[in-house]
Amino acid sequence: MVQKLDYLKETPSQTAGPYVHIGLAPGAAGFEIYDHELGQDIAGPNAKGERIRVEGTVIDGTGSPVKDALIEVWQANSEGYYSHPEGGGPVEEGFRGWGRVITDFDTGEWAFDTVKPGRAQGRDVGIQAPHINLWIVARGINIGLNTRLYFDDEDEANAADPVLNIIEWECRRATLIAKRSEGTSPQVYRFDIRLQGEDETVFFDI
């Protein structure tokens, strides 16, 4: 006899709420809870390659900065390897390739320091251009948003990237390109994330 199971219905989704920073990035929110907080050091001191700083703003549909967003970062090292058993190859000691930052509560600006990633082998899609994966959550966002950051000084690699090339319109692909600022040390790339409206950033359903 097969017993019939009653499955619970999916509960309603909800936004991240005002306490996401206390739980995920308490130090950045002013709460000294942990001796060592996860997500603050992406590359580590031994990582090879060009040291860079990425900065930007999360912008809502009215053009205003979102001042309570949290962004998680995931990337390969300068040789295109991820810190993962199936990451393609060895990474330097201390290289996590993962981090977590929040937007400034006053300005909405966010930033993180890392190394510029190399071209990485994609899963079933071939070699990809240097890029950084981003996941964004905030109040008003029911499901975390996934996007990518590419670099505007990697034209040849970008033109061959299998993910960028599935985006039909060039103007839409442009929303994934970070702009290099000249004369800065470390090198700064600017990447603003637009949640809605004109020039809305491309988000991926993964």
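**Figure 1. Overview of the predicted model of the protein chain.** A residue counts as buried when its relative accessible area is under 20%. In this predicted model, buried residues make up 41% of the 206 residues in the protein chain. The chain has an accessible surface of about 12,400 Å², and carbon and sulfur atoms hold 50% of that surface. Among contacts with a separation of 6 or more, 66% join residues 24 or more positions apart.

**Figure 2. Secondary structure and confidence along the chain.** The chain contains 3 helices and 11 strands. Read from the N terminus, the order of elements is α-β-β-β-β-β-β-β-β-α-α-β-β-β. Mean pLDDT for the chain is 87, with 86% of residues at 70 or more. Confidence is highest in strand 8, at a mean of 97, and lowest in helix 1 (residues 20–24), at a mean of 65. Where pLDDT is low, predicted coordinates should not be read in detail.

**Figure 3. The largest pocket and its lining.** The volume of this pocket is about 750 Å³. Its lining comprises 28 residues, of which Trp-74, Tyr-82, Arg-123, Gln-128 and Arg-148 are the closest to the pocket centre. Sorted by class, the lining holds 12 nonpolar, 11 polar and 5 charged residues. At least two lining residues come from each of strand 2 (70–75), strand 5 (120–122), strand 7 (131–137) and strand 8 (145–151). Strand 7 supplies the largest share of the lining, 4 residues.

**Figure 4. The second largest pocket.** This pocket encloses about 220 Å³ of space. The residues that line the second largest pocket are Cys-171, Ala-174, Thr-175, Ile-177, Lys-179, Arg-190, Phe-191, Asp-192, Arg-194, Asp-199 and Thr-201. The class count for this lining is 4 nonpolar, 2 polar and 5 charged residues.

**Figure 5. The cis peptide bond at Pro-186.** The bond from Ser-185 to Pro-186 is cis, and its omega is near 0 degrees. Pro-186 sits in the loop that runs between strand 9 (177–181) and strand 10 (187–190).

**Figure 6. Backbone of Asp-199.** Asp-199 is a residue other than glycine with a positive phi, near 60 degrees. Asp-199 belongs to the segment after strand 11 (193–194). Asp-199 is also one of the residues lining the second largest pocket.

Key. Residues are numbered from 1 along each chain as its sequence is written. This is a predicted model: local features need pLDDT of at least 70, side-chain atom pairs count only at pLDDT 80 or more; totals for chains, interfaces and linings use all residues. Side-chain values use heavy atoms; hydrogens and water are left out. On a 1 Å grid over the protein atoms alone, a cavity is a set of points where a 1.4 Å probe fits but cannot get out, and a pocket is an open set with protein on both sides within 12 Å along at least five of seven lines; lining residues have an atom within 4 Å of a point. Grid points are joined across faces, edges and corners, and a volume is the space filled by probe spheres set on the points. Ala, Val, Leu, Ile, Met, Phe, Trp, Tyr, Cys and Pro count as nonpolar, Asp, Glu, Lys and Arg as charged, and the others, Gly among them, as polar. pLDDT is the predictor's confidence in each residue, from 0 to 100. Buried means under 20% relative accessible area, exposed over 50%, partly exposed in between (1.4 Å probe, protein chains only). Contact means heavy atoms within 4.5 Å. Accessible areas come from the Shrake-Rupley method with a 1.4 Å probe; for residues, only the protein chains shown count as cover.
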